[in-house]
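Please read the following account with the sequence and the structure side by side. Each paragraph takes up one part of the chain.

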Amino acid sequence: MIRSGSLRHDPVLAVAIAWTLVGSALFVVFNGNPDFQVSTFWIFQPPLDALFAFASWRVSRMATGAGRRFWRILTVAGVLFTTGDITQSLISLGQHDNWSTAGGPVQSACFAVGLGLVVIAMLIHPHAGRSGRDRVAFWLDSATVLVGGAVVTWCFAISPADMRTNPVGALAGAAVVLTSAFAAVKMMLSGNAPMHRNAALPMIFAAIVNATGVFVAPTADTSLPAYVYVIRFLPSLLIAVGPRVQEVTARFDETAFGARRRKPYSLLPYGSIFVVFVAMIVVLPEERDDARLWGAVGGLGIIVAMVVARQLLAFHDNKRLIEKLDSTLTELREHQDRLRRQALFDDLTGLANRNHFREEVSTALEHAEPGTVSLLLVDLDGFKSVNDTLGHAAGDTLLAGVAEKLRSAVRSGDLPARLGGDEFGVLLRDCDHRDAEHTAQRILQALTVPIPIDGTPVRANASIGVACSEAGDDIRTLLHAADTAMYAAKHNGKGTWMRYDHSMAS
């Protein structure tokens with residue numbers, strides 16, 4: 001974070017602003033005397049150019065990577081601006097009847113090269129890492145803004161007289177302004193600008209004020225009013241302020257050079273449509289063949305086409321996002337099902353586990369009439385000998401085979417479960433004692449068919465205890481009754497079933 005008041009109390013910024021105010025006051029004082037106004041304009045430029053160059057150099061020493069390269073290029077541009085403006089200020093002191101703020105050959109060359117370096121620095125600054133589709137969307141947004149600026153320049157900044165007398169020069173000047181604007185927009189949209197927002201804003205305002213200076217310049221060959229000099233002089237301050245703000249900001253803000261998160265959308269293309277639409281309304285003449293009107297109409301059509309392409313790209317991205325979201329949701333559901341299965345079912349046999357079985361029995365007893373819920377407890381006879389003679393893998397195969405036989409012997413609404421080890425249980429819903437006995441018989445009959453284990457048929461014997469619910473029974477009493485009946489079946493010779501009666505409790 002920037003320390004409170006660090007920018008407001010910066011002496012360098014204060015001096016630069018005071019210097020600009022003095023120059024602006026002199027433009028007003030010398031109003032009507034173009035020789036003094038032009039001399040003042042050029043004499044007051046070099047100190048601000050020097051501040052721009054020096055502050056950019058200081059920032060370049062703080063930055064790293066691509067950011068350092070950017071600020072080094074700006075330092076060179078600042079030196080060129082300073083050289084050109086010093087030269088022009090010396091020339092202006094000896095000139096008379098020169099009412100223009102346009103520089104001579106040396107100043108123009110230095111300015112053109114310096115501006116070209118600034119534009120190149122902005123254009124070559126790398127984007128934040130993103131996919132190819134994101135880069136296409138980025139360039140569509142940038143190009144839309146560029147076309148909008150071109151239309152406005154065509155409609156207002158280039159007069160019909162300029163196009164007739166010097167069309168190449170008029171279009172070249174517009175191209176420089178538009179390229180500069182495009183480069184600035186590129187960095188703003190990229191989310192990876194090598195400067196803090198507080199430093200970028202003055203430089204952006206400088207471009208806006210500079211463009212305003214083109215609109216307010218009178219076309220007549222007369223001296224310029226004081227306010228035109230002020231407007232054309234103000235960008236020098238704003239451009240110099242940017243690097244100084246970055247220098248002060250970088251002292252206290254660790255993220256001054258860091259990439260910022262780019263918004264997933266941009267409103268600039270829609271703003272371009274609005275601006276071009278307004279421009280078309282303003283220049284709408286009675287003559288249908290006016291070049292400015294057709295330029296605005298053509299530009300609007302190009303912008304709409306690019307915005308439509310951008311929307312189609314966004315729709316495709318949304319479709320991919322939805323498909324990815326659906327895939328993620330499917331994976332989450334599958335993972336949830338796996339977790340649920342692990343929580344409720346036995347991994348080896350796929351039957352309900354003990355906890356799930358107990359919950360289902362409790363629910364069935366709560367909602368059923370006495371005598372309509374039955375339990376079977378199935379305990380394998382001689383299972384330990386299978387493990388000892390054939391191995392634990394054979395024992396697991398035998399348990400899985402018994403589970404399949406249980407599933408095939410019970411009804412669709414019944415719930416077979418593995419309670420642990422070689423003990424199984426079956427919940428019989430809507431089942432009286434006769435149906436429960438029949439189910440126990442079907443299970444024993446199914447177990448008479450041997451289970452193949454590594455090519456060896458192994459028969460699983462079992463003892464089954466049957467218990468039917470009575471009034472006042474809960475899961476504890478019903479399980480106890482079935483367990484008692486199961487042990488009675490074992491004592492009765494194994495390989496059979498017995499139904500619980502109260503005499504077994506004695």
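In this predicted model, the buried residues of helix α14 pack against three elements: β1 (374–381), α15 (392–409) and β5 (456–458). Which residues of α14 are buried? Helix α14 covers residues 383–390, and its buried residues are Phe383, Val386 and Asn387. Looking down the axis of α14, one finds these buried residues within an arc of 95°, so they line one face of the helix. Lys384, Asp388 and Thr389 lie on the other side of α14, and they are exposed. After α14 comes glycine 391, which has a positive phi, near 105°.

A positive phi also turns up in residues that are not glycine. Most residues other than glycine have a negative phi. Aspartate 454 has a phi near 50°, a positive value in a residue other than glycine. Where is aspartate 454 placed? Aspartate 454 sits in the loop between β4 (451–453) and β5, and β5 is one of the elements that the buried residues of α14 pack against. Is aspartate 454 buried or exposed? Its relative accessibility is 79%, and a residue counts as exposed when the value is over 50%, so aspartate 454 is exposed.

Lysine 494 is another residue other than glycine with a positive phi, here near 60°. The loop that holds lysine 494 runs between α17 (475–491) and β7 (497–499). With a relative accessible area of 47%, lysine 494 is partly exposed, because that class lies between the limits of 20% and 50%.

Next come the helices at the start of the chain. Helix α1 takes in residues 11–29 and helix α3 takes in residues 45–62; the two pack at an angle of about 155°, and their axes are 10 Å apart. This angle makes α1 roughly antiparallel to α3, because angles over 145 degrees count as roughly antiparallel. The crossing in which α1 passes α3 is left-handed. On the α1 side, the contact is made by Val12, Ala16, Trp19 and Thr20, and on the α3 side by Pro47, Leu48 and Leu51. By class, the residues of this contact of α1 with α3 are six nonpolar, one polar and no charged.

Helix α3 also crosses helix α4, which spans residues 65–93; the axes of α3 and α4 come within 8 Å and cross at roughly 165°. The helices α3 and α4 are therefore roughly antiparallel to each other. The crossing of α3 and α4 is left-handed. What classes of residue make up the contact of α3 with α4? The residues of that contact divide into twelve nonpolar, seven polar and five charged.

One residue of helix α4 can be looked at on its own: serine 89 is found in this helix. Serine 89 has a relative accessible area of 8%, and a residue is buried when the value is under 20%, so serine 89 is buried. Leaving aside residues up to four places away in sequence, serine 89 touches Trp42, Ile43 and Pro46.

Helix α2, residues 34–43, has a contact with helix α10. The two helices pack at an angle of about 10°, and their axes are 11 Å apart. That angle makes α2 roughly parallel to α10, because angles under 35 degrees count as roughly parallel. Pro34, Gln37, Val38 and Phe41 of α2 make the contact with Ala226, Tyr229, Arg232 and Phe233 of α10. By class, this contact of α2 with α10 has six nonpolar, one polar and one charged residues.

Helix α10 covers residues 226–252, and valine 248 lies in it. Valine 248 is buried, with a relative accessible area of 2%. Which residue has its C-alpha atom 9.6 Å from that of valine 248? It is alanine 55, which is 193 residues apart from valine 248 along the chain.

The chain as a whole comes last. The protein chain has 17 helices and seven strands. Of its 506 residues, 42% count as buried. Among contacts in the protein chain with a separation of 6 or more, 74% are accounted for by residues 24 or more positions apart.

Definitions and conventions:
Residues numbered from 1 in each chain as written. Predicted model: local features only at pLDDT ≥ 70, side-chain atom pairs only at ≥ 80, totals over all residues. Heavy atoms only, no water. Buried < 20%, exposed > 50% of the residue type's maximum accessible area, 1.4 Å probe, protein only. Helix = DSSP H or I, 4+ residues; strand = E, 2+ residues; numbered from the N terminus. Arc of directions from axis to C-beta. Contact = heavy atoms within 4.5 Å. Axes fitted to C-alpha atoms, helices over the stretch in contact; angles between N-to-C directions. Parallel < 35°, antiparallel > 145°, perpendicular 65-115°, else oblique. Left-handed = near helix turned anticlockwise from the far one by under 90°. Nonpolar A, V, L, I, M, F, W, Y, C, P; charged D, E, K, R; others polar.
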